[in-house]
Amino acid sequence: MTEVVEAISALNRHVLKLLVRLREMLDEIIDIMEVDEELQARIDEGLEDMREGRLRRLEEFLRELEEEERHQRPYAP
């Protein structure tokens, strides 16, 4: 009888470990899904910008970045 109780106890510990691991995996999946939802929202926003014509050439964007950098740098003669 003692062997049966020990076997059940060991099985319960094993099942508990599996359930904890399953919970951890589910939490990871939920985190990934949330990130994917945020990414999808950004993609949708970009596609909407394209449809509405809110675009500019890469060269123009890079020029604007360079100008911002020059204005943010301290003056050095």
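# A tour along helix H1 and beyond

Begin by selecting glutamate 48, which counts as partly exposed at 30% relative accessibility; by this scale buried means under 20% relative accessible area, exposed means over 50%, and partly exposed lies in between, with a 1.4 Å probe and protein chains only. The model is predicted, so local features need pLDDT of at least 70 and side-chain atom pairs count only at pLDDT 80 or more, while totals for chains, interfaces and linings use all residues. Residues are numbered from 1 along each chain as its sequence is written, and side-chain values use heavy atoms, with hydrogens and water left out.

Now add arginine 51 to the selection, whose side chain meets that of glutamate 48 in a salt bridge of 3.1 Å, N to O. A salt bridge here is a side-chain nitrogen of Lys or Arg within 4 Å of a carboxyl oxygen of Asp or Glu. The two residues are about one helical turn apart because they stand three residues from each other in helix H1, where helices (H or I, at least four residues) and strands (E, at least two) are DSSP runs numbered from the N terminus. Arginine 51, at 60% relative accessibility, counts as exposed.

Then move to arginine 21, also found in helix H1, and partly exposed with a relative accessible area of 40%. Glutamate 28 forms a salt bridge with arginine 21, the closest N and O atoms being 3.9 Å apart, and glutamate 28 is itself partly exposed at 43%. Select Glu24 as well, since Arg21, Glu24 and Glu28 are linked in a network of salt bridges.

From arginine 21, measure across to leucine 11: these residues are 10 apart in sequence and 15 Å apart in space, C-alpha to C-alpha. Leu11 belongs to a nonpolar surface patch with Val15, Leu19, Leu22, Leu26, Ile29 and Met33, which together have about 630 Å² of accessible area. Patches are made of residues with over 30% relative accessible area and no salt bridge, joining like charges within 9 Å and nonpolar side chains (Val, Leu, Ile, Met, Phe, Trp, Tyr) within 5 Å; accessible areas come from the Shrake-Rupley method with a 1.4 Å probe, and for residues only the protein chains shown count as cover. Within the patch, pick out leucine 26, which is found in helix H1, residues 2-51, and which counts as partly exposed at 42% relative accessibility.

Finish with glutamate 64 and arginine 56, whose side chains meet in a salt bridge of 2.3 Å, N to O. Glutamate 64 is partly exposed at 29%, and arginine 56 is partly exposed at 44%. The structure holds seven salt bridges.
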